Amino acid sequence: MKLLSVNVALPKLVEIDGKNVFTGIYKTPVKGRVWLTRLTLVGDGQADAGVHGGEHQAAYCYPFEHYAYWQNRLNLINLPHGTFGENFTISGLLEEDICIGDILQIGDAKTGVKVQVTMPRIPCFKFGDKIGFPDILDEFLRSGKSGFYLRVIQTGEVVAGDSITILERDPQAINIRTTLGMQKLDEGDAELLKRALTVTSLTPLLRQIFEQRLASKV
């Protein structure tokens, strides 16, 4: 498992449907080591703090394995790292492999970072506009190829080529794909929702959604 690239961007103004919109989705790879703080990478930024960034979304990972799928599906070629707005383009770790609450080490134990997997990424209209397919959002969601967000446990430096190691697995083993299904695709029965609610690191947003869904099934 490896970190292929570190991608950052500060918010900029773009025109979408005739309106000027600030967005930080235009991430591009950077060379050298980048410091990951508790809330973001140095040199990176989010335009709408209400739905992006913060403690539970300090960095966004997207598996490079999905690039070929989207290139074929959208008839696009040579997609650069960062295309999906991810901070970390990674390999060897898919949504079915990684679970909410899992703790990862990226890079060296002394100078690298320790992070915790928190939640799937839910795309917004800015993503659809960026890749030139504004109607792709529902398909992107249902594909299960969401990528995932991280919470920072230990700050430090990251660089392209760093190894990624799973240090701890959450005992409930609710993977990102399953979490996405419960969060947005109306998947999961009451027992699964109850099990998900026992994940100690569950974000407030997911806890609220799962509690509401469970109440509707009782």
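Which strand pairs with β7 in the antiparallel sense over four bridges? Keep that question in mind while the whole chain is on screen, and note that this is a predicted model, in which local features need pLDDT of at least 70, side-chain atom pairs count only at pLDDT 80 or more, and totals for chains, interfaces and linings use all residues. Residues are numbered from 1 along each chain as its sequence is written, and side-chain values use heavy atoms, with hydrogens and water left out.

**The whole chain**

Colour by secondary structure, and six helices and twelve strands appear, where helices (H or I, at least four residues) and strands (E, at least two) are DSSP runs numbered from the N terminus. The radius of gyration is 17 Å, close to the 17 Å given by the globule rule for 218 residues, so the chain is as compact as a globular protein of that length; the radius is taken over C-alpha atoms, and the rule is 2.2 Å times the number of residues to the power 0.38. Along the principal axes, the C-alpha atoms fill a box of roughly 50 × 45 × 30 Å.

Colouring by accessibility next, one finds that buried residues make up 50% of the 218, buried meaning under 20% relative accessible area with a 1.4 Å probe and protein chains only. Of the contacts (heavy atoms within 4.5 Å) with a separation of 6 or more, 72% join residues 24 or more positions apart.

**Strand β7**

Select residues 88–91, which form strand β7, and look at both faces: F88 and I90 on one side, and T89 and S91 on the other, are all buried. In a regular strand the side chains alternate between the two faces of the sheet.

Now add residues 2–8: this is strand β1, which pairs with β7 in the antiparallel sense over four bridges, two strands being counted as paired if DSSP finds at least two bridges between them. Within this pairing, S5 has T89 as its bridge partner in β7.

**From β6 to β9**

Select residues 59–63 for strand β6, which pairs with β7 in the parallel sense over three bridges; here P63 has I90 of β7 as its bridge partner. Then bring in residues 148–154, strand β10, which pairs with β6 in the antiparallel sense over three bridges, and centre the view on Y60, which stands opposite Y149 in β10.

Finish with residues 113–120, strand β9, whose pairing with β10 is antiparallel over five bridges, and pick out Q116, which stands opposite R151 in β10.
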